[in-house]
Structure formats: C-alpha cells, structure tokens
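The following note concerns the packing of the chain and the spaces within it. Please read the numbered points with the model in view.

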Amino acid sequence: MPVTLALLDSASLYFRSFYALPDSMTAPDGTPVNAVRGFADTVARILTDRRPTRLVACLDADWRPQFRVELLPSYKAHRVADAEANAEEVPDTLTPQVPIILDLLDAVGLATAEAKGYEADDVIGALTAREKADPVEVITGDRDLFQLVRTSPTPAAVIYVGKGWAKAEILGPSDIAERYGVPKADAGPAYAAMAALRGDPSDGLPGVAGIGEKTAAKLITQFGSVEALLAAAKSGSRELPLKMRLKLSAAEDYLAVAPTVVQVAVDAPVSISGDDRVPSAPKDPDRVAELAERWNLGGSVKRLLTALER
C-alpha cells in the first residue's frame, strides 16, 4: 500500500458534524455528542476510503492569531464573542464536545498537532511544506487551504468536504487551475494571491472594491503576485487600465498586508503529540471503551475501530 499523509482540519470537520447532526444525540448525562459522533464517523470514512498510512488531526491553538490581527484588525472580527479573551463565538453545546474529541483521538492513538499562536491552517501548511517523502491529502471544508496544492517535492491535494464526505472533491493543481482560472504551474500560491484580491467576508477580508474572482484570477495570471500587481499600479503601467490602477491604489494599504494574512505560515512551530502512523489497533482499548460508554458513542466508535483494522 502506498504511504500517504492525511492532514485533518479538525475544527472544520467537527463544526460541520455539529451542524449536520441533531443535538438530540446525547450522553447519558444529557451532554450533546453530535459533533463527537460525526467527527468519529468522518475519521472512520477517511481511514476506510482514503487508506492513509499516516494521519494528523490539526488543531487551532489560536483561532485568530495576533500577527494577523495586527496587520488587518478586521480579520475574523465579526466572530469575536469576547474581545478581551479573544474568544471565538462557538455554540454553547459544541464547546464541551471538543475535549471529548481530543480524548478519543488520544485513546485511539491518532496524532494531533498544534502551534502556539497559530491556526490549524498554519499547522497544516507547515506540515505540508515539511513533508518531503510522502504524498499529502488535506481534508477540510475550508477553501483557504486550496493554496497548498502542489506537484512537488511530493503531491499535495485537498479533499474538500464543504458538501459532506459523500460529495467530497479531490482537488490538485490542475483542478484548482481549471476551476479558478489561475496558472496550473503555480496554482496553490496563485489561488492565495487571487483570494487576497477577491477578499472573503467570512474571514473579514474586504478585498479590492470592484475586483471579483474572475478579474482577480486574470490579474494574478498576468502579473504573478499581489506585490508585482501593486508595483505595476504604482508605476502607472500601461498594462493596467486607469480605472484598475485607481482601484488598486485605493486599496494599497490593504494589499500591503493581505498576502501575509491570507497565506498560511509554513514556518509555524508545530508540536505533534506522537507518532503519526495510523495504528492497526487502538492505543488504549480500555480507555476507548470507557469513553464510548460514558458518552454514548457506540456505533461511531465501533466504525472507527473497524476502520483501523483495514
């Protein structure tokens, strides 16, 4: 079996599980476990369908890193529940489920990773950049990570689960190039540059007024980067119509910081909990059984354990 590394955007997956399954799924004490069960089932499907030999569940140590906020104060600002604590607005019934997910991953023997002061996206980016031996598959419901697709030194693809695992899309450089109109040879970085120009309201990125996705892709294809495009606008390049130069000049302050905000930090100081090889049996079967009984995880845990054996 070929060796592959699966990198899970854990928060993306358990948030989607939370909203996909009813909160009537509860433990004996009444604690909702819909996110836990959905996440466990998703991991089981990943193990069964993709057969990775290595797997890391990547975590947010900081969902809104200070270095991004200092550059762009609007970054995820609309999702802040407590400004002093920099706390994210998370449903009350999801918050207590996250420690259960982490306990289950630990008992099963699946690795987790995080980096102090960084998001899971940065962890995934750093681990992808670090990987020189095996193909990488990034499992996420977040389009931001399309920037990681590559062909070398090892292939890296994104398995996009925005519409659920049953409709998962496997996207590599050629797919991103075809879908967004960016250059195939540099599809990952070009996607990030295009996204900076276009903006993303869900992350508090305003983009450049009057520049949509198609225009952004054409500009990045022509100039190669946001920095080169901005330099062309400043110099009065005849390759840019006057109206476009004015739009870019009006957004100069934003464009000076947007690439750093949008790009994953591949130098994030990642800490991994342990061996990332997928075990053939749970690390602590007694603990798994205890968690399954305490939290009423029955079928989901059985499916996860069965997936380990394959």
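1. The model under discussion is predicted. A useful starting point is I176, which touches F146, V149, L171, G181, V182, A187 and Y191, leaving aside residues up to four places away in sequence. Apart from this residue's neighbourhood, a second, separate core of 39 residues includes L13, V36, I46 and L105.

2. I176 also figures in the largest nonpolar core, which has 64 residues. With L197, L240, L248 and L255, I176 belongs to the group with the most contacts inside that core. Helix α7 (residues 187-198) supplies the largest share of this core, namely 9 residues. Where does this core lie with respect to the two domains? Domain 1 (5-173 + 264-304) and domain 2 (187-262) both contribute residues to the core, so it lies between them.

3. The domain assignment should be kept in mind when reading the remaining points. For the protein chain, it gives domain 1 (5-173 + 264-304) and domain 2 (187-262). Their C-alpha centres are 31 Å apart. Contact between the two involves 15 residues of domain 1 and 17 residues of domain 2.

4. The largest pocket deserves a separate entry. Its volume is about 1100 Å³. Of the 45 residues in its lining, K76, R79, E88, D142 and D203 are the closest to the centre. Two or more lining residues come from each of α1 (10-20), β4 (87-88), α4, α5 (120-130), α7 and α11 (252-262). Among the elements, α1 gives the most, with 6 residues.

5. What is the make-up of the lining of the largest pocket by residue class? The lining divides into 20 nonpolar, 7 polar and 18 charged residues. Each of domain 1 (5-173 + 264-304) and domain 2 (187-262) provides at least three residues to this lining.

6. The second largest pocket holds about 440 Å³ of space. It is lined by 26 residues, and Q147, L148, V149, G188 and P189 lie nearest its centre. The elements giving two or more residues to this lining are α5, α7 and α9 (226-234). The largest share, 5 residues, comes from α7, the helix that also gives the largest share of the 64-residue core.

7. By class, the lining of the second largest pocket comprises 13 nonpolar, 9 polar and 4 charged residues. As for its position, domain 1 (5-173 + 264-304) and domain 2 (187-262) both give residues to the lining, so this pocket lies between them. V149 connects two of the points above: V149 is touched by I176 and is one of the residues nearest the centre of the second largest pocket.

8. How many cavities of 30 Å³ or more are counted? The count comes to 1. About 40 Å³ of space lies in the largest cavity, and its lining consists of F39, A40, V43, I101, L104, L105, L110 and L304. Two or more of these residues come from each of α2 (34-50) and α4 (97-108). The lining has 8 nonpolar residues, with no polar and no charged ones. L105 is part of this lining and is also included in the second core of 39 residues.

Definitions and conventions
Residues numbered from 1 in each chain as written. Predicted model: local features only at pLDDT ≥ 70, side-chain atom pairs only at ≥ 80, totals over all residues. Heavy atoms only, no water. 1 Å grid on protein atoms, 1.4 Å probe; cavity = no way out; pocket = protein on both sides within 12 Å on 5 of 7 lines; lining within 4 Å. Points joined across faces, edges and corners; volume = space filled by probe spheres on them. Helix = DSSP H or I, 4+ residues; strand = E, 2+ residues; numbered from the N terminus. Nonpolar A, V, L, I, M, F, W, Y, C, P; charged D, E, K, R; others polar. Core = buried A, V, L, I, M, F, W, Y, C linked by side-chain atoms within 4.5 Å. Buried < 20%, exposed > 50% of the residue type's maximum accessible area, 1.4 Å probe, protein only. Domains from an automatic or database assignment. Contact = heavy atoms within 4.5 Å.
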